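Visitor: I should like to take a close look at a single part of this protein. Could you guide me through that part and relate it to its surroundings?

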Amino acid sequence: MKTFLNDKDGVSEKDYLLLASTTVFFLFVAIGLVLVLMGRPVDGMYVTLLDMVAPVLMTITGGVFGVRAVQEYRKAPQKSEEEAVDYDSRV
C-alpha cells in the first residue's frame, strides 16, 4: 500500500502540514468532547475557535488531496497512450 511515508519524496511539507493541522484540530475536538462528557459547559469562545479553524483545515486538506488527484488524473492518459503505442508496434 502506497502512503506518504513510502512515496518518492517521503514526508513532504504538504504531508507535514496536513498531519499537524488535522492532529491539532482533532485534539481540540476531543478536548471539547471530554469536557461535555465530564458535565462541564463548553465556552462560546471555544466553539468560535473551532469554527475559525475548520475552514483553514478544509482548505489545507482540499489543497493537498486536490493537487494529488489532479496529478493522478494527469498520469492516467499517459499510461494508456504508452500501451497504445506498444500495441501498434507489436501489430
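Guide: The account that follows looks at helix H1 and at what lies around it. Please keep in mind that the model is predicted.

Let us begin with the setting. The protein contains 2 helices and 0 strands. Of its 91 residues, 14% are buried. Its exposed area is about 7500 Å², and carbon and sulfur atoms supply 67% of that area.

We may now turn to helix H1 itself. The helix has 25 residues, and the distance from its first C-alpha to its last is 36 Å, close to the 36 Å expected at 1.5 Å a residue. Which residues of H1 are buried? They are Asp-15, Leu-18, Ser-21, Thr-22, Phe-25 and Gly-32.

Ser-21 is a useful residue with which to start. Ser-21 belongs to helix H1, and it counts as buried because its relative accessibility is 17%, where the limit for that class is under 20%. What does Ser-21 touch, if residues up to four places away in sequence are not counted? The answer is Leu-57 and Ile-60.

A second view is gained from helix H2, where Val-64 is found. With a relative accessible area of 5%, Val-64 is buried. When residues up to four places away in sequence are left aside, Val-64 touches Lys-14 and Leu-18, and Leu-18 is one of the buried residues of H1. Another of the buried residues of H1 is Asp-15. Val-64 and Asp-15 are 49 residues apart along the chain, yet their C-alpha atoms are separated by 7.8 Å. For the protein as a whole, consider the contacts between residues at least 6 apart in sequence: 53% of them join residues at least 24 apart.

The next point concerns two aromatic residues. The count of aromatic pairs comes to 2. Phe-25 and Phe-26 form an aromatic pair, with 5.4 Å from centre to centre and 70 degrees between the planes. The pair is described as edge-to-face because its angle is over 60 degrees. Are these two rings' residues buried or exposed? Phe-25 counts as buried, since its relative accessibility is 14%, whereas Phe-26 is exposed, with a relative accessible area of 53%.

Further along, Ile-31 also has its place in helix H1. Ile-31 is partly exposed, with a relative accessible area of 46%. Ile-31 and Val-42 are 11 residues apart in sequence, and their C-alpha atoms lie 9.9 Å apart in space.

Val-42 brings us to the region beyond the helix. Just after H1, Gly-39 takes a positive phi of about 90 degrees. Val-42 lies in the loop between helix H1 (13-37) and helix H2 (44-90). At 32% relative accessibility, Val-42 counts as partly exposed. Together with Val-36 and Val-47, Val-42 makes a nonpolar surface patch of about 220 Å². Why may Val-42 belong to such a patch? The residues of a patch must have over 30% relative accessible area, and Val-42 meets this requirement because its value is 32%.

In summary, helix H1 holds buried residues, including Ser-21 and Phe-25, and the loop that follows this helix holds Val-42, which shares in the nonpolar surface patch.

Terms used:
Residues are numbered from 1 along each chain as its sequence is written. This is a predicted model: local features need pLDDT of at least 70, side-chain atom pairs count only at pLDDT 80 or more; totals for chains, interfaces and linings use all residues. Side-chain values use heavy atoms; hydrogens and water are left out. Patches are made of residues with over 30% relative accessible area and no salt bridge: like charges are joined within 9 Å, nonpolar side chains (Val, Leu, Ile, Met, Phe, Trp, Tyr) within 5 Å. Accessible areas come from the Shrake-Rupley method with a 1.4 Å probe; for residues, only the protein chains shown count as cover. A salt bridge is a side-chain nitrogen of Lys or Arg within 4 Å of a carboxyl oxygen of Asp or Glu. Helices (H or I, at least four residues) and strands (E, at least two) are DSSP runs, numbered from the N terminus. Buried means under 20% relative accessible area, exposed over 50%, partly exposed in between (1.4 Å probe, protein chains only). Rings of Phe, Tyr and Trp (its six-membered ring) pair if their centres lie within 6.5 Å; planes under 30 degrees apart count as stacked, over 60 as edge-to-face and the rest as tilted. Contact means heavy atoms within 4.5 Å. The expected span of a helix is 1.5 Å times one less than its number of residues.
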